[in-house]
Amino acid sequence: MMYKLLSHNDLDGVSCGILAKLAFGKQVNVRYNSVGGLDREVQWFLDNNKDKDTLLIITDLSVNEENEKKLDEYVKAGGKVQFLDHHKTALHFNDYDWGQVVVEDEEGKLTSATSLLYEYLVKNDYLEPSNGIAEFVELVRQYDTWEWEKNNNLEAQRLNALFFLISIDEFEEKMIDRLLSSDHFYFDEFEKKVLDMEDDKIERYIRRKRRELVQAKMEGLYAGIVYAESYHSELGNELGKEYPHLDFIAILNIGSKRVGFRTIHDHVDVSEFAGLFGGGGHAKASGCTLTDDAYNKFVAETFPLEPLREDAKRNRYNLKRSTFGSLYKTLAEELFFIASVDEQTWEIEKNNIKMDQTFPSFEEAEKYLKRNHQAWLVRDDVFVHYLMDQLKPKKQAE
Ligand SMILES: [Mn+2]
């Protein structure tokens with residue numbers, strides 16, 4: 001029996017290739033594909049496997065409708081296919097005997113293509129389970145589902161960083177050697193050193209990107225838009241945390257004509273948003289191609305916008321949630337002052353005039369300011385000046 005694996009070219013997809021090679025050795029032929037490249041490979045496979053002696057496994061990517069039908073005909077004619085995916089946009093493949101799409105396992109844990117393939121290989125006695133492999137699979141799963149962020153699992157993030165630092169061939173070779181020889185997953189000393197340098201680099205990159213973010217309202221949601229070619233996950237995550245008033249972050253890659261969407265919020269499903277532009281993905285991470293429509297919305301319309309200003313970070317006095325109030329400013333030089341009446345009532349003064357609307361928390365008041373006025377927390381010196389002005393006797397009206 002021969003095996004063919006067609007998988008995605010990201011960490012989750014390539015880790016499927018690593019597991020397949022651990023299980024099938026030289027009997028498996030593995031090809032990694034971009035989202036747009038899989039259908040060509042499937043077509044090629046179907047055209048060249050008339051004798052049906054190869055088990056075709058597809059992981060982490062979906063085929064188009066045409067190939068979906070052709071694969072089903074191929075299976076009905078005696079061909080062997082196993083489709084394994086965890087994207088909810090692929091759930092209809094569960095209608096086929098050869099399709100298995102699981103987004104969440106029985107315990108409610110989000111799956112990845114690698115975790116599904118591991119389970120499949122072990123269940124069918126293709127692969128001997130081991131502690132080291134299970135640890136590796138779990139790191140990939142946590143990275144791919146964003147759980148690493150919630151669990152602060154930096155090992156998972158570093159595994160992905162390593163994946164991008166070396167070639168796919170090198171990564172495969174290193175991981176296969178390690179998983180065959182050790183009962184625990186680890187990074188070697190050289191990798192640790194390089195990963196530390198990479199961490200510093202990512203931090204500097206994100207700091208720069210933070211100052212380039214523009215804000216726009218789209219389909220009723222507030223988006224932060226930024227141009228970036230690398231570190232999309234880390235960037236989406238950090239920018240999302242830095243600007244929690246934004247529903248999601250859109251990351252534009254003009255070279256690849258793609259836009260990625262990331263959210264840290266549970267109330268937003270960015271796969272639905274991407275669907276409006278013909279794309280898809282997960283609730284927390286999705287993307288679409290820059291069609292004319294998407295180009296106009298994300299690039300042309302947002303290009304003239306001024307970037308958001310960052311909140312002052314080293315203040316001692318002008319602090320958020322302070323009982324003395326917190327001072328914000330806008331590009332139009334307006335001053336907004338958030339203060340609490342009591343714990344459940346927060347007010348905003350605009351240029352010293354109290355607004356009618358009140359808010360149930362500081363966060364809601366700030367969100368209002370940031371969404372509607374793109375205001376930022378000013379530095380202490382501006383704040384002190386402002387307070388001193390308040391103490392001056394007001395000029396008589398006449
Ligand atoms: Mn995946």
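Biologist: In this predicted model, at what angle do helix 1 and helix 5 pack, and how far apart are their axes?
Modeller: Two packed helices are described by the angle between their axes and the distance between the axes. Helix 1 covers residues 11-24 and helix 5 covers residues 131-145. Their packing angle is about 160 degrees, and the axes are 9 Å apart.

Biologist: Is helix 1 roughly parallel or roughly antiparallel to helix 5?
Modeller: The angle between helix 1 and helix 5 is about 160 degrees. Angles over 145 degrees count as roughly antiparallel. Helix 1 is therefore, relative to helix 5, roughly antiparallel.

Biologist: Which residues of helix 5 are met by Leu11, Asp12 and Ser15 of helix 1?
Modeller: Helix 1 passes helix 5 in a left-handed crossing. On the helix 1 side the contacts involve Leu11, Asp12 and Ser15. Their counterparts in helix 5 are Val140, Tyr143 and Asp144.

Biologist: What is the handedness of the β-α-β unit made by strand 3, helix 3 and strand 4?
Modeller: Strand 3 (residues 54-59) pairs with strand 4 (residues 80-85) in the parallel sense, over five bridges. One of the bridges joins Ile58 to Phe83. Helix 3 (residues 65-76) belongs to the unit along with these two strands, and the unit is right-handed.

Biologist: Which residue of strand 5 stands opposite Leu84?
Modeller: Strand 4 also pairs with strand 5 (residues 99-101). That pairing is parallel and has three bridges. The residue of strand 5 opposite Leu84 is Gln100.

Biologist: Which strands are the edges of the open sheet with the order 6-7-8-9-11-10?
Modeller: This open sheet has six strands with mixed pairing. An edge strand here pairs on one side only. The edges are strand 6 (214-218) and strand 10 (280-281).

Biologist: Which residue in strand 11 is the bridge partner of Gly280?
Modeller: Strand 10 pairs with strand 11 (residues 285-289) in the antiparallel sense, over two bridges. Within strand 11, the partner of Gly280 is Gly287.

Biologist: At what angle does helix 12 run to strand 8?
Modeller: Helix 12 (residues 292-300) lies across several strands, including strand 6, strand 7 (221-227) and strand 11. Strand 8 (248-253) and strand 9 (258-262) are also among them. To strand 8, helix 12 runs at about 105 degrees.

Biologist: What share of the residues in the protein chain is buried?
Modeller: The secondary structure of the chain comes to 14 helices and 16 strands. Its C-alpha atoms fill a box of roughly 100 × 45 × 40 Å along the principal axes. Of the 398 residues, the buried share is 37%.

How values were computed:
Residues numbered from 1 in each chain as written. Predicted model: local features only at pLDDT ≥ 70, side-chain atom pairs only at ≥ 80, totals over all residues. Pairing = 2+ DSSP bridges. Helix = DSSP H or I, 4+ residues; strand = E, 2+ residues; numbered from the N terminus. Right-handed = clockwise from strand over helix to strand, strands pointing away. Buried ≥ 20, exposed ≤ 12 C-beta atoms within 10 Å, placed from the backbone. Axes fitted to C-alpha atoms, helices over the stretch in contact; angles between N-to-C directions. Parallel < 35°, antiparallel > 145°, perpendicular 65-115°, else oblique. Left-handed = near helix turned anticlockwise from the far one by under 90°. Contact = placed C-beta atoms within 7 Å.
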